[in-house]
Amino acid sequence: MKQVLLAFLLIASTSITAQNLHSPDGKLALHIKHNATTGSLTYTLHREKRPILKDGQLGLITRSGQNLSTHLQSIGSPIYQTIDSTYVMPWGENKINRDHFCEMILPYRTEEGATLSIVCRLYNEGMAIRYRYEGVRSDSVMIMDELTSFPFTAPAKTWSIPANNDTYELDYRTMTLDSLQDANTPITMELEGGLWASIHEAALTDYPEMTLSKKIGSRTLKATYTAAWRDGIMARMGHTFETPWRSIIIGTKAIDLVSYSAMWQHLNPACKIADTSWIRPLRYVGVWWGMHVGIQSWTMGERHGATTANAIRHIDFAADNGIEGVLFEGWNEGWETWGGEQKLNFMKPYADFNLDSIRKHAAQRGVKLMNHHETGGNVPYYESVLDSALRWSIAHDMHYLKTGYAGGYTNGEKHHGQYAVRHYRRVVETAAKYGIMVNAHEPIKDTGIRRTWPNMMTREGAKGMEWNAWSRGNSPEHHSILVFTRLLSGPMDYTPGVFDILHSKTKTSPQYRNWNNEDEGNSRLNTTRAGQIAAWIVLYSPWQMASDLPEHYEGENAFQFFKDYRADIDESFPLFGYPGREYGVVRRAGDRFFLGVITGNEAYTMPRQSLHFLRPHTTYEARIYIDGKDADWRTNPLPVDIHTLYVTGEDMLPVLKIAAGGGVAISFIPVEK
Ligand code: NOJ
Ligand code: CA
């Protein structure tokens with residue numbers, strides 16, 4: 001009896017206040033509840049009156065001292081604003097971006113007298129929440145955990161990679177929300193009842209990455225940090241700070257997520273580079289695949305890939321085919337230390353790589369040189385030479401830079417911790433100072449920072465093409481899962497376009513050496529050749545590579561597609577799709593259009609597709625590159641049929657039969673009048 005009375009008294013004395021925010025179209029509603037008794041915060045998110053996330057927790061856990069999750073006192077009414085602005089990116093899936101949201105800021109006083117504000121935004125596309133802290137003293141705050149949770153009200157099917165503090169190069173899992181234990185973001189879900197959602201973070205600037213954890217059987221995902229500093233601290237913050245945004249996008253179809261994911265870019269500050277005219281997309285080839293398939297080496301020697309002769313051959317191949325850039329890996333001294341001391345010299349070419357004559361030749365032929373810095377994870381050393389290495393790079397005509405972090409950090413820090421986040425950002429900002437664009441491999445995940453630093457062009461951050469060279473390879477579903485997960489966060493330097501699907505021309509060569517522990521001698525690409533061509537359109541990257549050896553493209557009619565393709569995309573129109581199965585998208589680059597469709601492990605018959613996206617009153621030559629008769633990624637991956645049609649926007653495409661693990665790519669080029 002006493003207990004019942006106590007419970008009654010507690011409920012009676014609990015005062016809960018709710019503050020509400022609606023999205024511009026009114027469909028999403030966020031309610032933040034403050035419990036004045038405990039001083040804790042929870043939130044609920046509705047879509048068209050249906051609760052999607054219910055009683056999610058909010059708050060941060062610090063090492064000691066500051067309490068940032070309970071005993072919070074409300075110190076004022078919410079501050080509301082609605083912003084509707086447009087910004088133009090120098091490149092992107094869509095150059096014109098509308099940033100339209102309603103914001104609510106809720107300020108609370110912590111026990112120590114600091115201010116913790118909950119900053120909430122609702123877009124039509126989704127919700128974003130971040131913590132803003134303003135301390136009273138000048139002490140720093142050591143964050144150890146956070147309470148933010150995403151309690152789903154419905155069961156769901158999910159697509160994600162596991163949480164890991166050092167790599168994203170992991171196989172995607174398709175599993176129920178109930179059975180999931182942890183995930184990295186973006187994690188994509190098909191919610192029972194017909195909605196699609198993806199959770200991710202935005203504006204990761206000076207913080208460890210957020211992963212998600214949960215108990216089996218529960219439907220509550222909790223924000224978790226897996227990458228601590230060496231001393232166990234998760235985030236070292238100053239006396240005022242903002243966390244990255246914790247956010248979710250919600251749509252009614254899987255392809256809504258592809259368009260809505262621009263929200264994560266909008267959530268970043270405006271561009272900090274005054275003149276962006278030097279920031280350019282391009283197509284490229286490179287001295288790269290030969291090393292991965294084991295017929296060349298990064299180190300100097302008999303099998304050296306980056307020799308002067310091979311560089312000139314690549315430059316000529318690029319120039320002859322209208323391809324803008326050439327990447328060189330293994331051009332610089334020190335590759336012998338890769339996997340050991342990890343000290344490559346970014347200012348000294350190997351003796352058999354005559355950079356001066358290569359530069360001269362590239363300039364004559366109008367081809368851009370793309371530099372490569374493999375740090376091997378020796379970040380302290382890389383930071384110590386960064387400025388001089390970048391200055392040296394531009395002095396040698398190299399404004400395009402691929403970086404790499406293949407190896408554990410030599411100082412024991414983690415690839416996804418705050419230390420690393422700071423480092424990756426420092427490279428981007430230093431590069432911007434020198435007019436250099438960056439493509440990071442083994443990066444920190446993309447959280448939309450290209451809005452602020454558009455010289456951060458593309459990155460890896462998932463299993464890319466290299467895995468097909470020396471491991472069991474990426475599954476036939478991999479590309480269409482990437483579209484709905486990794487690629488929602490931003491572009492990926494996947495490097496599609498290998499034509500020698502079975503490595504029949506390389507692994508049989510006397511030059512071949514098995515150089516990688518993952519290589520069991522059965523590597524191949526688990527797609528068709530047409531599937532590779534379509535991937536150039538589908539797997540968006542502003543730097544798009546034709547990754548095979550030039551000799552594998554010589555004489556191949558299907559390579560015409562890449563010659564006609566343009567990396568400088570203006571806008572994109574996702575058509576249809578489902579993760580792991582088929583996906584179709586149209587991209588416009590200037591007056592050209594490209595339509596790409598890929599499949600998963602099953603063949604797909606694409607119904608007649610309207611061409612309404614084409615410009616009116618214009619006739620286009622449509623060249624279709626599609627899986628040939630009886631093509632199948634398992635048994636017959638090579639045949640590509642090429643047909644030409646003349647079409648206008650009033651026409652429909654014929655029914656197209658796409659093989660399992662296959663694809664179709666169509667270029668639409670206006671016919672001169
Ligand atoms: C891993 C990168 O992903 C790959 O592209 C590169 O060739 C190697 N590291 C060597 O730097
Ligand atoms: Ca890699």
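Me: What coordinates the calcium ion (ligand 2), and what makes those atoms donors?
Reply: The calcium ion (ligand 2) is coordinated by OE atoms of Glu169 (two), Glu442, Glu460 (two) and Glu466, at 2.2 to 3.1 Å. Donors are N, O and S atoms within 2.8 Å of the metal (3.2 Å for Na, K and Ca), so these oxygens count; water is not among the atoms, so sites may look incomplete. This is a predicted model, where local features need pLDDT of at least 70, side-chain atom pairs need 80 or more, and totals for chains, interfaces and linings use all residues, while side-chain values use heavy atoms, without hydrogens or water. Residues are numbered from 1 along each chain as its sequence is written, with chains lettered from A and ligands numbered from 1 in the order written.

Me: What spacing do the donors of the calcium ion follow along the chain?
Reply: The spacing is E-x272-E-x17-E-x5-E. Glu169 and Glu466 stand 297 residues apart: Glu169 is in the loop between strand E14 (156-160) and strand E15 (173-176), Glu466 in helix H9 (residues 466-470). Helices (H or I, at least four residues) and strands (E, at least two) are DSSP runs, numbered from the N terminus. Both glutamates are buried.

Me: Which side chains make polar contacts with ligand 1, such as that of Glu329?
Reply: Among them are Glu329, with an N or O atom 2.6 Å from an oxygen of ligand 1, Trp288 at 2.9 Å and Glu466 at 3.2 Å. A polar contact is a pair of N or O atoms within 3.5 Å, so these pairs qualify. The protein covers 97% of the 300 Å² of accessible area that ligand 1 has on its own (Shrake-Rupley method, 1.4 Å probe).

Me: Why is Gln532 called buried?
Reply: Its relative accessible area is 1%, and buried means under 20%, exposed over 50%, partly exposed in between (1.4 Å probe, protein chains only), so Gln532 qualifies. Gln532 lies in helix H11 (residues 529-538). Leaving aside neighbours within four places in sequence, Gln532 is in contact (heavy atoms within 4.5 Å) with residues including Met465, His479, Pro496 and Leu525.

Me: What makes a set of residues a nonpolar core?
Reply: The members are buried Ala, Val, Leu, Ile, Met, Phe, Trp, Tyr and Cys residues joined through side-chain atoms within 4.5 Å. The largest has 188 residues, and Phe328 is one of those with the most contacts inside it. Helix H8 (residues 418-434) gives this core its largest share, nine residues. A second, separate core of 21 residues includes Val597 and Phe668.

Key. A polar contact is a pair of N or O atoms within 3.5 Å; within protein, one must be able to donate a hydrogen and the other to accept it, and residues adjacent in sequence count only if both atoms are side-chain atoms.
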